[in-house]
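Me: I am new to reading protein models, and I would like to go through one slowly. Could we take it as a set of questions, with the reasoning spelled out each time?

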Amino acid sequence: WVRGIATQFGLPDSVIKAVVPVSARKRWYVEELVEAIEREANLNLARPGPVLNTYFVGVTNVGKSTLLN
């Protein structure tokens with residue numbers, strides 16, 4: 001579903017590396033999200049290439065800021 005909406009808004013499916021549903025409040029899948037970000041965004045610079053943009057999407061008051069903090 002998330003991939004479909006993102007591509008409808010013009011984001012090419014080929015650049016979507018991971019979609020991880022999480023609950024910051026209940027701490028569901030937060031560790032998996034961190035692992036996906038580290039792996040896909042090249043944050044540890046383990047492979048050559050630029051660091052990739054990372055996006056957090058969700059409806060209003062869903063906890064995106066809580067997750068980042």
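What follows is a set of questions and answers about this predicted model.

Me: What is the order of the secondary structure elements of the chain, from the N terminus on?

Reply: It helps to begin with the count, since the secondary structure of this predicted model comes to 3 helices and 0 strands. Read from the N terminus on, the elements of the chain therefore carry helix symbols alone, a helix being a DSSP run of at least four residues. The order is α-α-α.

Me: How many salt bridges does a search of the whole structure find, and which residues form a salt bridge?

Reply: Side chains of opposite charge can pair when their charged atoms come close. A search of the whole structure finds 1 salt bridge, and its closest N and O atoms are 3.3 Å apart, which counts because the cut-off is 4 Å. The residues that form this salt bridge are Asp 13 and Arg 3.

Me: Where in the chain do Asp 13 and Arg 3 lie, and how many residues apart are they?

Reply: The pair links distant parts of the chain, with Asp 13 in the loop between helix 1 (2–8) and helix 2, and Arg 3 in helix 1. Asp 13 counts as partly exposed at 42% relative accessibility, and Arg 3 is partly exposed as well, with a relative accessible area of 33%. Along the sequence, the separation of Asp 13 and Arg 3 is 10 residues.

Me: Is Glu 31 buried or exposed?

Reply: Glu 31 has its place in helix 2 (residues 30–40), and it forms a negative surface patch together with Glu 32, Glu 35 and Glu 38. The relative accessible area of Glu 31 is 58%, and the class follows because exposed means over 50%. Glu 31 is therefore exposed.

Me: With which residues is Thr 54 in contact, leaving aside its neighbours within four places in sequence?

Reply: Thr 54 is found in the loop between helix 2 and helix 3 (64–68), and at 39% relative accessibility it counts as partly exposed. Its C-alpha is 9.7 Å from that of Ile 16, although the two are 38 residues apart in sequence. The contacts asked for are Ile 37 and Ala 41.

Me: What is the area of the nonpolar surface patch that Tyr 55 helps to make?

Reply: Tyr 55 lies in the loop between helix 2 and helix 3, and at 60% relative accessibility it counts as exposed. The patch is made by Tyr 55 with Trp 1, Val 2, Val 19 and Val 57. Its area is about 630 Å².

How values were computed: Residues numbered from 1 in each chain as written. Predicted model: local features only at pLDDT ≥ 70, side-chain atom pairs only at ≥ 80, totals over all residues. Heavy atoms only, no water. Patch = residues over 30% accessible without salt bridge, like charges linked within 9 Å, V, L, I, M, F, W, Y side chains within 5 Å. Areas by Shrake-Rupley, 256 points an atom, 1.4 Å probe, with all protein chains shown as cover. Salt bridge = Lys/Arg side-chain N within 4 Å of Asp/Glu carboxyl O. Lys, Arg positive; Asp, Glu negative; His and termini not counted. Charge placed at Lys NZ, Arg CZ, Asp CG, Glu CD. Helix = DSSP H or I, 4+ residues; strand = E, 2+ residues; numbered from the N terminus. Buried < 20%, exposed > 50% of the residue type's maximum accessible area, 1.4 Å probe, protein only. Contact = heavy atoms within 4.5 Å.
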